[in-house]
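Dear colleague,

Please find the structure below. My notes on it follow.

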Amino acid sequence: MDEIKVGMADLATAKPPQVLVTTGLGSCVGVCLLDPLVKVGGLAHIMLPDSTQARDVQNKAKYADTAIKILIDEMVNLGAIKRRMVAKIAGGAQMFNFSGNNSIMKIGERNVEAVITNLNIWGIPILAQDTGGNYGRTIYFYPENGQLYIRTIKYGEKIV
Amino acid sequence: MDFTKLNDLQKDALKEIGNIGAGNAATALSTMLNKKINMSVPNVFILPFAQVVEIMGGAENLVAGGYLQVTSKAPLSILFVLPEDSIRIFLNILLGKSLEEGQFELDEMSISALKEVTNILAGSYLTALNSFTKLEFTPTVPALALDMAGAILGNVLQLYGEVSDYALVIESVFSEEEKEVKGHFFLLPEPGSLEILLGKLGVGNNG
């Protein structure tokens with residue numbers, strides 16, 4: 001199996017038999033895109049919701065809005081077509097439970113909202129979503145069949 | 001500026017504060033537990049965040065993380081991380097109890113104990129830092145998570161700011177008789193805070 005590791009605030013594309021992997025998603029969101037016809041897949045490990053709120057955008061793969069756009073472009077370069085693309089997303093947990101109701105702490109929730117909004121803007125349907133909770137996730141995305149395998153420490157594993 | 005541009009003098013100053021803080025913390029822990037706890041700081045180093053996950057044994061590795069934010073003229077965040085083996089020994093030293101292998105939830109008492117240690121450590125380092133800088137530091141109550149290192153560190157990185165991708169790491173070794181635990185204490189200054197801190201320490205880049 002040919003694994004392509006995607007680090008925090010990073011993105012990558014792949015074709016079968018390659019598999020896209022990102023480990024330890026907390027409040028970050030893993031966005032998996034696939035053109036099922038040509039089997040071109042992509043994975044972005046998004047950290048923050050909105051590049052327009054940042055003071056200095058050095059890494060566009062960090063933000064939901066810019067990362068999804070770049071991922072689509074890179075997949076199109078490999079022969080994918082945007083209107084055929086489908087998405088699966090995972091992550092967006094809240095790792096720390098703070099007292100009080102501080103919206104800054106709900107970064108996971110805001111990341112998920114931003115990812116959904118941006119996928120809607122591009123007209124890409126979300127086929128599966130495993131988000132929220134208070135636990136970390138490691139994900140494997142298979143461009144071969146579009147399966148997303150999710151592993152956790154506390155709650156076992158599943159395929160969506 | 002970022003952390004990679006620190007010179008030896010600046011690193012020494014921060015390490016010295018780490019040592020004084022460790023001394024304060026050892027005293028506080030010994031008093032709280034009514035037994036002799038030693039603490040030392042073998043190493044202080046600066047790391048890009050991606051490598052921070054690696055020294056924790058990888059992004060999927062189970063760790064406990066105590067996190068708090070500090071308000072002051074030089075705002076910062078603090079994260080205290082214990083790997084799985086260390087959590088067991090640490091809870092044994094603190095409470096005389098053991099976390100079994102494959103046990104991923106902590107009881108209230110263990111959570112409180114780890115939060116309290118985070119609190120004591122943070123307080124000790126901040127007191128040391130304050131005695132040199134006269135900046136007044138006000139820490140929040142710590143929050144605690146037990147999960148994948150990458151998930152916890154990623155969350156902290158999101159919370160503490162959007163600019164700096166580096167962390168100051170104070171390696172902390174605790175020992176009680178033959179039991180020894182190594183943890184990592186991360187000091188995460190918000191953008192601009194490091195300049196203020198180093199300036200107050202008399203080792204700023206502008207004299």
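Read along the sequence, chain B runs α-β-α-β-β-α-α-β-β-α-β-β-α, which amounts to 6 helices and 7 strands. Please keep in mind that this is a predicted model.

Overall form of chain B

The C-alpha trace of chain B spans about 50 × 35 × 25 Å along its principal axes. Its radius of gyration is 16 Å, which agrees with the value near 17 Å for a compact globule of 207 residues. Of the 207 residues in chain B, 56% are buried. Taking contacts between residues at least 6 apart in sequence, 74% join residues at least 24 apart.

The exposed surface of chain B comes to about 8,500 Å², with 49% of it supplied by carbon and sulfur atoms. Chain B carries 25 negative and 13 positive side chains, and the centres of these two sets are 8 Å apart.

B:D147

This residue sits in strand β5 of chain B, residues 143-148. Is B:D147 buried or exposed? B:D147 has a relative accessible area of 1%, under the 20% cut-off, and therefore counts as buried. Leaving aside residues up to four places away in sequence, B:D147 touches residues of chain A, among them A:M95, A:N134, A:Y135 and A:K154. On its own chain, B:D147 touches B:N61, B:L62, B:V63 and B:I152. Its side chain also reaches the backbone nitrogen of A:G136, at 3.2 Å.

B:M109

B:M109 belongs to helix α4 of chain B, which covers residues 108-133. Beyond residues up to four places away in sequence, B:M109 touches B:L95 and B:K97. From B:M109 to B:G23 the separation is 86 residues in sequence and 25 Å in space, C-alpha to C-alpha.

Backbone points to check

Two non-glycine residues with positive phi are worth listing, A:K39 at about 55° and B:K134 at about 60°. A:K39 is in the loop between β4 (29-35) and β5 (40-46) of chain A, and its relative accessibility of 28% makes it partly exposed. B:K134 is in the loop between α4 and β4 (138-139) of chain B. With a relative accessible area of 64%, over the 50% cut-off, B:K134 counts as exposed.

There is also a cis peptide bond between A:P16 and A:P17, with omega about 5°. A:P17 lies in the loop between β2 (10-14) and β3 (18-25) of chain A.

Regards

Methods:
Residues are numbered from 1 along each chain as its sequence is written. Chains are lettered from A and ligands numbered from 1 in the order in which they are written. This is a predicted model: local features need pLDDT of at least 70, side-chain atom pairs count only at pLDDT 80 or more; totals for chains, interfaces and linings use all residues. Side-chain values use heavy atoms; hydrogens and water are left out. Helices (H or I, at least four residues) and strands (E, at least two) are DSSP runs, numbered from the N terminus. The radius of gyration is taken over C-alpha atoms; the globule rule is 2.2 Å times the number of residues to the power 0.38. Buried means under 20% relative accessible area, exposed over 50%, partly exposed in between (1.4 Å probe, protein chains only). Contact means heavy atoms within 4.5 Å. Accessible areas come from the Shrake-Rupley method with a 1.4 Å probe; for residues, only the protein chains shown count as cover. Lys and Arg count as positive and Asp and Glu as negative; His and the chain ends are not counted. The place of a charge is taken as NZ of Lys, CZ of Arg, CG of Asp or CD of Glu. A polar contact is a pair of N or O atoms within 3.5 Å; within protein, one must be able to donate a hydrogen and the other to accept it, and residues adjacent in sequence count only if both atoms are side-chain atoms.
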